[in-house]
Amino acid sequence: MTYEVIVTTKQPTCGGKAPTRSEIKNITCEDPLEYVRNHEEGKNVEITDDDGITKTILASRGDLWIRYEFCEL
């Protein structure tokens, strides 16, 4: 399946960098949760919302988190 994915990264404020960054990607994968687990090794990964249209997956470790919002195309 092909998904449009909004990836939002939140990190602690450091050196004047913006604490959040967002990007939009088109991703082809069978299982969004497995995709995130493979790309975010060493982080806690969990589905935080699945309304049938958008699946939100959060990968976190300490003060750093990355939110993936998958919407099927």
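User: Which residue's side chain is joined to that of Ser 22 by a polar contact of 3.2 Å?
Analyst: This is a predicted model, in which local features need pLDDT of at least 70 and side-chain atom pairs count only at pLDDT 80 or more, while totals for chains, interfaces and linings use all residues. Residues are numbered from 1 along each chain as its sequence is written, and side-chain values use heavy atoms, with hydrogens and water left out. A polar contact is a pair of N or O atoms within 3.5 Å; within protein, one must be able to donate a hydrogen and the other to accept it, and residues adjacent in sequence count only if both atoms are side-chain atoms. The partner of Ser 22 in this 3.2 Å contact is Thr 8.

User: Is Ser 22 buried or exposed?
Analyst: Buried means under 20% relative accessible area, exposed over 50%, and partly exposed in between (1.4 Å probe, protein chains only). The relative accessible area of Ser 22 is 52%, so Ser 22 is exposed.

User: In what order do the five strands form the open sheet?
Analyst: Strands (E, at least two residues) and helices (H or I, at least four) are DSSP runs, numbered from the N terminus. Two strands pair if DSSP finds at least two bridges between them. The pairing in this sheet is antiparallel, and the edge strands, each pairing on one side only, are E2 and E3. The order is E2-E1-E5-E4-E3.

User: Why do the buried residues of H1 line one face of the helix?
Analyst: In H1, residues 32-39, the buried residues are Pro 32, Leu 33, Tyr 35 and Val 36. The arc is taken from the directions from the helix axis to the C-beta atoms. The buried residues line one face because, seen down the axis of H1, they fall within an arc of 160 degrees.

User: Which strands do the buried residues of H1 pack against?
Analyst: Contact here means heavy atoms within 4.5 Å. The buried residues of H1 pack against E1 (2-10), E2 (20-28), E3 (44-50), E4 (54-61) and E5 (64-72).

User: Which elements give two or more residues to the largest nonpolar core?
Analyst: A nonpolar core is a set of buried Ala, Val, Leu, Ile, Met, Phe, Trp, Tyr and Cys residues joined through side-chain atoms within 4.5 Å. The largest has 14 residues, and those with the most contacts inside it include Tyr 35, Ile 57 and Phe 70. The elements giving two or more residues to this core are E1, H1, E4 and E5.
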